[in-house]
Amino acid sequence: MTTAIKNLPRDEIVMAGNGACGGCPATAALRIVGKAFGPNAICLMTPSCSVASIGLLPKSSFNYPILNICFAAAGSSAAGMEYALESLQKKGRLSGEKPLVFTWIGDGGTYDIGFQALSAAAERNDDFIHICYNNEAYSNTGVQRSGATPRFAATTTTPTGKQVEKKNMPLLMLDHHIPYLATASLANPGDFYDKLIKAKNSKGFRYIEILAPCYTGWKFAAEDMINISRKAVNCGAWLLFEAENGKIEFTNPTRKFVEGAASPESPAEYLSMQGRFSAALKGENRDQVINSMASQIADDLQSLRRYSAN
Amino acid sequence: MKKLFDTGCHVVAQAVKCADVDMVAAYPITPQTSVVEEIAALTESGEMNCRFLPVEGEHSAMAACVAAAAVGARAFTATSSQGLLYMHEVLHMASGCRFPLVMVNVNRAVFAPWTLWADHSDSLSQRDTGWLQLYCCSLQEVFNTILQAYYIAERVRIPVMVNMDGFILSHCRMIVNMPDQEIIDKFLQRQPNGWIANPANPSAYACVTGADLYPGFREELFNDTKNADKIIVEAASVYRDLTGFWDGDLIDTYRCDDADTFIVTIGSMAAEARLSIDLLREQGVKTGLIKIRSFRPFPAAALSAVLPDGARVMVLDRNYGLGTEGGIVFSELKASLFNRAAKIEIANQIMGIGGSDVNYQMMADAVTSAWDIRR
């Protein structure tokens, strides 16, 4: 059974007075991370919205020890920290239980500039949790395209809409033979929490990615952040699953789509709710764009079926 | 005291082992490669109580060391040339965070064109990263300096780069005397806990700051880097008291007492240059050698104290200071002695670029031809 939102622990890692935009999905997701991981954890962040929202030195609005590290180096920094803690523990120089090391990184630091170091850490099966909050653009610098930006989405560096598809990062990570991987949505916080707990209780390299609909970048009303998250899942633009030792288990509603028990909603409404697609949806190309999105979703589901059969 | 007869790269690994390092992250690059191989072998066999992280590049190597230092571990990496250049932004982070890291850089010329042999363009191009830079001219000095580097770094909380010339030192074998481990442990007692990223005291590090606080951080680093000279001197003196070894502190001198003519150089050239001094002395030129051991901080006062009024100084540079009058050490020395410009004559010869041969005769010739000294 998925943990109900009302049963999540009361602990708050995100404190009042942080610098995030009102309705920021990353900050909402980080709250749930704190509830799952508890106090004995160290968080590594790369320059991003989350670092910017911590507050100005020496203040901090997140109740974790946080080290802001070089942008390209989430994987290697977390690995170095974990190796060091392990070594100090072995030498008897660590007081108390070894803390959990996790990274809290945007799609830039995961899909793009941080990909090399992350891939290497996954290949070595280093013992930490990488969490990607994917807002599908470089939001912190004012919304430029990233490797996670979907096709047709306008950003400041793809003003008329991106021409190419995003990377399939979760499957790329799965191909690193890692022990645990999950995708999550803010529309299902209990499921995100359960996946974080599962990751916390596993060893080795663990990867969790949560879709973070950024209303300033995606251009929708802030109060619709959870609605957009739900729409993304219901139309299949964001697929929910987890994989333990390479074996995929789907989370509903994605499970129903994969099994053919239900069809995803048309992405038309999901796309229309977001200003970033408005240029692509204008005029005679509208149906073509929606169909193209739907057919990409069908392809992604087909890839997942192949993975789950393996 | 144990005797070791091995290559420079293996001597580095032994020094790292003796320093009781907790975590090594490194990526192989010629001519540093066998440092990595030896540390991997020593950790895997259990001979060295340390974890070795085989990263996928040098940027990651330095990033791993930085994060290890954030939990109070003693970390180490070694690199060379392009690897050092690839680390560049993380070098700034390490000094900005005041992490007491130690790195060995096996000096090698830089790309392009591609070459594998020694000069100092790699480390000297990193001179403003806030790392202290020490240069060695023998394998015994390499061993001693790695231990002293931890002593220094952990007291001033500024990272230290130990430099040794590629192949000339990294691949040649020399006898090295290793002090007993108890003596080394006494020398390198752990300093108060540097575990900053600690759940017991959650706080944010290296995060955003404005023009109100940022200048203070930089000013403090500027002052502490300059004042690190005192701890470098202390490290050399405490080490001598405990082990009997002496390689100089900020500088080392040879036959300088009555000299009016001087050779100033860094790295392995400082070993060869002793022969030049002897040769020039035989020819009646009162010559002395100043080896710059600490390039950062630059030992301006120590150098000036050795040089009398009327001194003639030949700076031998194994690098080009592109867009300047000569080599980088030459420019630094000139700037530091500017107030005595009327009383000291400074000349420069660039040699040994990309591993090209340097011998004592060439260095002596540089002196005699600069001042038209007849043989």
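**A tour of chain B and a helix pair in chain A**

Begin with chain B of this predicted model, where an open sheet of seven strands follows the order β3-β2-β4-β5-β7-β6-β13 with mixed pairing. Select residues 51-54 and 294-296 of chain B to see β3 and β13, the edge strands, each of which pairs on one side only. Across this sheet, neighbouring strands are turned against each other by 20° on average, direction ignored.

Next, select residues 58-70 of chain B. This is helix α3 of chain B, which packs on the sheet and touches β2 (23-26), β3 and β4 of that chain. The direction of this helix makes about 165° with that of β4(B).

Now move to strand β5 of chain B, residues 102-107. How many of its six residues are buried? Six of the six are, so the strand is largely enclosed by the rest of the structure. In a regular strand, side chains alternate between the two faces of the sheet. In β5(B) both faces are covered: one side carries V102(B), V104(B) and V106(B), the other M103(B), N105(B) and N107(B), and all are buried.

Keep β5(B) selected and add its two partners.

- Strand β4 of chain B, residues 75-79, pairs with β5(B) in the parallel sense over four bridges. Here T77(B) stands opposite M103(B).
- Strand β7 of chain B, residues 160-165, runs parallel to β5(B) and is joined to it by six bridges. M103(B) stands opposite M161(B) in β7(B), and V106(B) has M164(B) as its bridge partner.

M103(B) is therefore a useful residue to centre on: it faces T77(B) and M161(B), and it is buried.Select helix α1 of chain B next, residues 8-18. All 11 of the 11 residues are buried, so this helix is largely enclosed by the rest of the structure. Among them are G8(B), C9(B), H10(B), Q14(B) and K17(B). Following α1(B) is D20(B), whose phi is positive, near 55°.

Finally, turn to chain A and select helix α3 (residues 74-90) together with helix α5 (residues 115-124). How do the two helices lie relative to each other? Their axes come within 6 Å and cross at roughly 45°; α3(A) and α5(A) are therefore oblique to each other. To display the contact, select A74(A), G75(A), S76(A), A78(A) and A79(A) of α3(A) with A117(A), L118(A), A120(A), A121(A) and R124(A) of α5(A). The residues of this contact divide into seven nonpolar, two polar and one charged.

Technical notes. Residues numbered from 1 in each chain as written. Chains lettered and ligands numbered in written order. Predicted model: local features only at pLDDT ≥ 70, side-chain atom pairs only at ≥ 80, totals over all residues. Axes fitted to C-alpha atoms, helices over the stretch in contact; angles between N-to-C directions. Parallel < 35°, antiparallel > 145°, perpendicular 65-115°, else oblique. Contact = placed C-beta atoms within 7 Å. Nonpolar A, V, L, I, M, F, W, Y, C, P; charged D, E, K, R; others polar. Buried ≥ 20, exposed ≤ 12 C-beta atoms within 10 Å, placed from the backbone. Pairing = 2+ DSSP bridges.
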